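Reader: I am new to this structure and would love a close look at one part of it. Please pick a helix, walk me through it, and then show me how other parts compare with it.

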Amino acid sequence: MTEVLLIVGLIVAVFVGYNIGGATTGPAFGPAVGANVITKLMAAGLMSIFFFVGAITIGPEVVTTLGGELVNTTDIFTLRSNVAVLFFIGGALFVGNYFGVPASTSMTAVGAIAALGLATGELDVAVLGEIVIWWVVAPIIGFWVAGVIGRYFYPRINAWIAIEGNREGRQMITVDRSGPVPRLQFGENADRREITGAFVVVGIGCLMAFSSGTSNIANAIAPIYGTGDVDMIPLVLIGSAAVSVGCFTIARRTLDTLGNDITNLPLTAAIVVAVISSTIVIGLSSIGIPASFVVIATMSIIGLGWGRATRTTTLSDVRKGEETRVSVGALTAEEEGERAPGIGEEKPEDIPRASDLFNPSTTARVIIMQNVVPLISTVGAFLTFRFVPIFGF
């Protein structure tokens, strides 16, 4: 019976990993695919490789937190309860993937495990409190870092990088397999600057995939690791393989949503946001905190747009009480490579509105589902462990 439950638990863990692959490929490579820099197939391959590198290096720190420190005793991680926890994590993420929305896998997993601890009276409130505090602080850090960059550095970065997205025609980077050794092939008439820009976009996607591996591998394997029946490394290998399957299959929907549907976010802004968010996630993962990349990235986008919008007003104007028009749409004020006016040289009415940047209906769908998915996992797990007697608690 024990072996059967372990096999069932591993199967459900694979299902969770499959959905993590579907949920995280869009945020990492949506800009590159949406700008027609690489194909979805290449995005899936790169996501699989760099997710595994992050999972095998820093990922065990987060696995230890979720699989051993979030609850007072690992005795509640029975094979039967683990199957249920993983079922709620995977099921909730599947709902998000079905609607093409990349939900927060960390919030979904922590919610299910915390619900198990709460229902059994074994939740370590101090550890949960530390995680929640970082969930609040990390987006604030992302907002302010992005805000400073948006006000003082973004126009210069935008003029320097000059990466222009191409929504039609052939991808900028493809693989030529006609020879005995596959080699990279670039778009027609692409100059060195465009090729460099394309590599920057893809490189940032790889950084995001690495950061995803450091934090999200725990969401698939931590409950099984908590039982002590399977070692860390085999679980990381199984979880990473399952994520790869999700990258090559169900991730196509989230790539479409984040690459084309939700926003016309300039590539320069996408790169800045990705660097800030990935750096914060990797830092939190190194101290064992499961971070929510989606929330941090969202606040970084808002902060970057806010900082760019405040360039219409100088600090002396602020001291005089002059108001400025704050809009995330400020990120679309210049084309790639175009130099922006100096601080205080623009008029507030020159700043585009937020509706020029975001698709309102898609944005509303994403925000709703990103809150609903963790709620499904948490509430479903708590009610199950609290009132269904088969788990023996």
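Author: A residue counts as buried under 20% relative accessible area, exposed over 50% and partly exposed in between, with a 1.4 Å probe and protein chains only. This is a predicted model, where local features need pLDDT of at least 70 and side-chain atom pairs 80 or more, while totals for chains, interfaces and linings use all residues. Residues are numbered from 1 along each chain as its sequence is written, and side-chain values use heavy atoms, without hydrogens and water.

Let us begin with helix α8, which covers residues 192-227. Helices here are DSSP runs (H or I, at least four residues; strands are E, at least two), numbered from the N terminus. Thr-214 is a good place to land, as it belongs to α8. Its relative accessible area is 0%, so Thr-214 is buried. The side chain of Thr-214 has a polar atom 2.5 Å from the backbone oxygen of Ser-211. That is a polar contact: N or O atoms within 3.5 Å, one able to donate a hydrogen and the other to accept it within protein, with sequence-adjacent residues counted only if both atoms are side-chain atoms.

Val-201 is also in α8. Since its relative accessible area is 5%, Val-201 is buried too. Look across from Val-201 to Ile-38: their C-alpha atoms are 9.7 Å apart in space, although 163 residues separate them in sequence. A similar link involves Val-202, whose C-alpha is 8.9 Å from that of Pro-31, 171 residues away along the chain. Pro-31 sits in helix α1, residues 2-34. With 26% relative accessibility, Pro-31 is partly exposed.

Now for some other helices. Helix α6 runs over residues 125-152. It has 28 residues and stretches 41 Å from its first C-alpha to its last, close to the expected 40 Å; that expected span is 1.5 Å times one less than the number of residues. At the start of α6, a side-chain oxygen of Asp-124 comes within 3.1 Å of the backbone nitrogen of Ala-126. Ala-126 is itself part of α6, and at 60% relative accessibility it counts as exposed. The C-alpha of Ala-126 is 8.5 Å from that of Leu-70, and the two are 56 residues apart along the chain. Further along α6 you will find Trp-144. Trp-144 has 48% relative accessibility, so it is partly exposed.

Helix α5 spans residues 105-120 and holds Ile-113. At 1% relative accessibility, Ile-113 is buried. In sequence, Ile-113 is 32 residues from Ser-81; in space, their C-alpha atoms are 9.9 Å apart.

Helix α4 covers residues 79-98, and its 20 residues should span 28 Å at 1.5 Å a residue; the end C-alpha atoms are indeed 28 Å apart. It is mostly covered, with 14 of the 20 residues buried. Helix α11, residues 267-286, also has 20 residues and reaches 28 Å between its first and last C-alpha, close to the 28 Å expected. In α11, 16 of the 20 residues are buried, so the rest of the structure largely encloses this helix. Just after α11 comes Gly-288, with a positive phi of about 85 degrees.

One last stop is the cysteines. How many disulfides does the structure hold? There are zero, a disulfide being a pair of cysteine sulfur atoms within 2.5 Å. Cys-206 is buried, because its relative accessible area is 10%. Cys-247 has 3% relative accessibility, so it counts as buried as well.

To return to where we began: in α8, Thr-214 and Val-201 are good residues to find in the view. From Val-201, you can then trace the 9.7 Å step to Ile-38, and from Val-202 the 8.9 Å step to Pro-31.
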